[in-house]
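Subject: Structure for you to look through

Dear colleague,

I am passing on the structure we talked about, and I would be glad if you could open it beside this message as you read.

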Amino acid sequence: MPTTGGAPIRALQTPRVAAVAGIVSALLLGIAILLVRLAVPEHPEDAVDWIHRTSQREFLHTALALLPFAGIFFLWFMGAIRDYVGAGEDRFFATLFLGSGLLFVAMLFVLAATAGSLLDVTDVSSSASAGQLALWQYGRHLVLALLTSYSTRMAAVFVVSTTTIGHRLGIFPRWLVWLGYLVALALLFAVGTTSHLELVFPFWMLAVSCHVFVVTLRRRRTAGQEGREGEGGQE
């Protein structure tokens, strides 16, 4: 253990809760995506009905309340993955991992801000004016584009980089590697043609988080047992 001035320096360790952050983020993100999908219709002719439909607007309000926390816990999830990978990460894929992850969170927040503006602009009166309908069409298209085209593509890059790092270092089992590449292909090429397919990303996050949590728990139990055995041998 390194020392400074005769006193040992304790290395910083990732908090145990960081391993659970991915599970929480996956659940929050999955619920938020599902609510956005239920609240924002794909067809522009549903504009008038949406403005007066309270249930769909409540779905969107709930999604907006969940998205900031989903983004925060996603950052913790990224930190847990980097800690799990350790010093063996590849610089090229590590750059893709960090860049795509941060861009995904940024687009998630832009989506939330756009959806919040959409609610505000259509919440001012009981009758839908031509201006409201035009703004609604713009906001609806932007929300769906951010969800199905841009954030999901960044999520695909994040999945590919994470899976490749895990595969090259041998820290991901084969089933998780195959799952990662299949999810990345779906996010790159199939999202937008099949409704609700964006949910495969939080499902992948849940699988990775559970694997990292179990392995991390085993490592700490093993380290604890070895430490106790070492203390017993010294005595």
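Below are the notes on what was found in it, going from the whole chain to single residues.

Please keep in mind that this is a predicted model, in which local features need pLDDT of at least 70 and side-chain atom pairs count only at pLDDT 80 or more, while totals for chains, interfaces and linings use all residues. Residues are numbered from 1 along each chain as its sequence is written, and side-chain values use heavy atoms, with hydrogens and water left out.

The whole chain

The protein chain has seven helices and two strands, where helices (H or I, at least four residues) and strands (E, at least two) are DSSP runs numbered from the N terminus. Read from the N terminus, the order of these elements is β-β-α-α-α-α-α-α-α. Of the 235 residues, 43% are buried, a word that stands for under 20% relative accessible area, with exposed being over 50% and partly exposed in between (1.4 Å probe, protein chains only). Among contacts with a separation of 6 or more, 79% join residues 24 or more positions apart, contact meaning heavy atoms within 4.5 Å. The accessible surface comes to about 12700 Å², and 64% of it belongs to carbon and sulfur atoms; these areas come from the Shrake-Rupley method with a 1.4 Å probe, and for residues only the protein chains shown count as cover.

Helix α4

Ser 100 is found in helix α4 (residues 91-121), and it counts as buried because its relative accessible area is 3%. Its side chain reaches the backbone oxygen of Leu 96 at 2.5 Å, and a polar atom of that side chain lies 3.4 Å from the backbone nitrogen of Phe 158. Leaving out residues up to four places away in sequence, Ser 100 touches Met 154, Val 157, Phe 158 and Ser 161.

Val 105 also lies in helix α4 and is buried, at 6% relative accessibility. With residues up to four places away in sequence set aside, Val 105 touches Gly 71, Phe 74 and Leu 75, and its C-alpha is 8.2 Å from that of Ser 151, although the two are 46 residues apart in sequence.

Helices α5 and α6

Thr 148 lies in helix α5 (residues 130-169) and counts as buried, at 12% relative accessibility. A polar atom of its side chain lies 2.6 Å from the backbone oxygen of Leu 144. Beyond its neighbours within four places in sequence, Thr 148 is in contact with Arg 37, Arg 153, Val 191, Gly 192 and Glu 198; the C-alpha atoms of Thr 148 and Val 191 are 5.9 Å apart, with their positions 43 residues apart in sequence.

Gly 192 comes just after α6 and takes a positive phi of about 105 degrees. As for helix α6 itself (residues 174-190), its 17 residues should span 24 Å at 1.5 Å a residue, and its end C-alpha atoms are 23 Å apart, which agrees; the expected span is 1.5 Å times one less than the number of residues. The buried residues of α6 include Leu 176, Val 177, Leu 179 and Gly 180.

Helix α3

Ile 72 is found in helix α3 and is partly exposed, with a relative accessible area of 44%.

With best wishes

Definitions and conventions. Polar contact = N/O pair within 3.5 Å; in protein donor to acceptor, adjacent residues only side chain to side chain.
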